[in-house]
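The following report describes a protein model shown below, taking a helix, a sheet, the nonpolar cores and two loop residues in turn.

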Amino acid sequence: MTSPSSDDERKGLPSASNWRRYELCHGSFQLEQEAHRLDQVAHKATAEARSGERCHASMAGEAVELDETEKVSVGFMRERADDQLARIFGDTPVTELKEHRFWLQVGEKVAASGRVDRVVYAGRVALVQDYKFGFREPEPAEVNAQLKFLAVVVALALPQLSHVIVQVVSGPHGVSEARYDIKALQIAYSEIVDTLLAINDPNAGFNPGPAQCRFCPAQLICQPHRDATVAPMAKLQITQLPLESQRASKLLDEIQMLRRLCDQVEEFYSGKLLQDPDFSIPNYAMVPGAMKREVLDWDVARSRLAEYLDTDQIKGAANYRLGDLEKALSKTLKLKAKEAKERMNEILGGLIVEKQNAPSLKRLKNNSRSTALPGIAKLSRAEHSAG
Ligand code: SF4
């Protein structure tokens with residue numbers, strides 16, 4: 001996933017984080033540039049991506065504001081990553097770089113780049129760690145094209161190295177590791193140069209598929225993607241769903257790709273409505289997100305709640321959700337739901353902040369009114385719930 005800032009930082013050149021997509025669909029690099037030129041970029045900045053960026057910045061030592069879940073993820077990630085460092089280098093003094101971009105030069109030209117979350121090196125060995133936040137299962141290091149690229153650029157930048165160890169470090173999915181010696185680095189370099197030649201070829205071909213199209217920025221303007229998704233769906237007869245396993249698998253792949261395309265079309269228009277006050281769409285508007293309450297300091301909150309709830313009730317509330325705790329409070333103090341909420345606000349006074357979820361695109365019921373709504377600003381909460 002990309003963000004506008006990372007796009008600038010890459011100077012329009014191919015980047016390691018997209019390497020698997022480039023390998024699978026050579027045409028995607030040039031079409032990605034076209035999507036930027038047309039300002040029709042898919043997968044611009046999801047909430048998940050923004051949260052990942054905050055967590056990465058915090059791992060690099062930047063002062064960023066994290067929510068409670070992000071704080072837990074970052075703390076856990078730091079511990080897990082440092083364990084690996086200790087396992088590999090022990091007490092040996094090391095040099096460390098964080099969030100560092102390495103550039104790949106082929107011949108006279110700078111051809112691509114990759115940013116490492118962390119590289120640590122001592123003597124002839126380097127460890128490259130890539131942090132994966134969130135619950136999506138990452139590609140293991142052994143087959144991870146991004147890490148293959150990073151191993152090569154790190155080795156080129158630090159010629160004293162004879163081994164580069166690469167790791168994908170994730171909270172829910174553990175650590176996977178691959179080791180590159182000089183021979184493996186040479187093979188990887190040659191594969192990378194082949195991919196660079198293929199993606200810069202003016203006749204680079206397209207190869208739609210769930211893995212490569214999933215986060216492709218060119219998805220909104222890609223005809224081969226449409227041909228592989230919309231066209232088969234239009235021909236689909238619901239009474240004739242295939243039962244043969246390969247065809248069923250292909251159909252499910254097409255559905256996945258089509259669903260993501262639909263999501264991206266909605267995201268595109270959501271972005272337009274939010275950013276351009278003169279842009280409007282009949283019957284559609286951005287509606288405010290629901291308000292949610294967050295607890296600023298769970299240690300203090302737990303000690304205050306302990307006066308009213310026993311430890312099991314506090315622990316039993318999955319992820320300490322306020323709604324679950326209110327139910328427990330309502331049961332113990334025999335209060336109605338509304339009263340329990342007020343009581344909870346009193347008990348946790350000064351510890352709760354209200355945050356609003358992101359606005360979302362909705363079809364409105366009242367056509368005549370909705371045409372007059374250019375965006376979120378004029379939409380009342382009553383209309384939100386009606387929509
Ligand atoms: S959407 Fe899919 S087929 Fe189209 S350029 Fe991207 S990866 Fe290739």
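Which residues are buried in α10? In this predicted model, M257, R260 and L273 of that helix are buried. Helix α10 covers residues 245-275, a run of 31 residues, and spans 45 Å from its first C-alpha to its last, which is close to the 45 Å expected at 1.5 Å a residue. The cover over the buried residues of α10 includes α8 (210-213), α9 (223-235) and β6 (284-287).

**The sheet**

The model holds an open sheet of 5 strands in the order β1-β2-β3-β4-β5, and the pairing within this sheet is mixed. Because β1 (95-106) and β5 stand at the edges and have a single partner strand each, one side of each is left without a neighbour in the sheet. On average, neighbouring strands of the sheet are turned by 35 degrees against each other when direction is ignored.

Strand β4, residues 163-170, is mostly covered, since 7 of its 8 residues are buried. With β3 (residues 125-132), strand β4 pairs in the parallel sense over 8 bridges. From β3 the chain passes through helix α6 (residues 145-157) to reach β4, and this β-α-β crossover is right-handed. With β5 (residues 174-181), by contrast in direction, β4 pairs in the antiparallel sense over 8 bridges, and a hairpin joins β4 to β5 through 3 residues. Individual pairs of residues that face each other across these strands are listed here.

| Residue | Opposite residue | Strand of the opposite residue |
|---|---|---|
| V125 | H163 | β4 |
| K132 | S170 | β4 |
| V164 | Y180 | β5 |

**The nonpolar cores**

As general background, nonpolar side chains in soluble globular proteins tend to be buried together. In this model the largest nonpolar core has 42 residues, and those with the most contacts inside this core are A126, V128, L150, A151, V154, V164 and V166. Helix α6 gives the most to this core, with 9 residues, and α6 is also the helix through which the chain crosses from β3 to β4.

Which residues does V166 touch, not counting those up to four places away in sequence? The contacts of V166 on that basis are V128, A141, L147, L150, A151, A178 and Y180. Among these, V128, L150 and A151 are themselves listed with the most contacts inside the core, while Y180 stands opposite V164 in the pairing of β4 with β5.

A second, separate core has 9 residues, including A42, C213, C222 and M257. Of these, M257 is one of the buried residues of α10, the helix whose cover includes α8, α9 and β6.

**Two loop residues with positive phi**

Two residues other than glycine deserve a note on backbone geometry. N283, with phi near 75 degrees, has a positive value and lies in the loop between α10 and β6. Is N283 buried or exposed? N283 counts as partly exposed, because 15 C-beta neighbours lie inside 10 Å, a number below the 20 or more that a buried residue requires and above the limit of 12 or fewer for an exposed residue.

K334 likewise has a positive phi, near 55 degrees, and is found in the loop between α13 (322-333) and α14 (337-347). K334 is exposed, because 9 other C-beta atoms lie within 10 Å, and this falls under the limit of 12 or fewer.

Terms used:
Residues are numbered from 1 along each chain as its sequence is written. This is a predicted model: local features need pLDDT of at least 70, side-chain atom pairs count only at pLDDT 80 or more; totals for chains, interfaces and linings use all residues. Helices (H or I, at least four residues) and strands (E, at least two) are DSSP runs, numbered from the N terminus. Two strands pair if DSSP finds at least two bridges between them. A crossover is right-handed if, with the strands pointing away from the viewer, the path from the first strand over the helix to the second runs clockwise. Axes are lines fitted to C-alpha atoms, for helices over the stretch in contact, and angles run from 0 to 180 degrees between N-to-C directions. A nonpolar core is a set of buried Ala, Val, Leu, Ile, Met, Phe, Trp, Tyr and Cys residues joined through C-beta atoms within 7 Å. Two residues are in contact if their C-beta atoms, placed from the backbone, lie within 7 Å. The expected span of a helix is 1.5 Å times one less than its number of residues.
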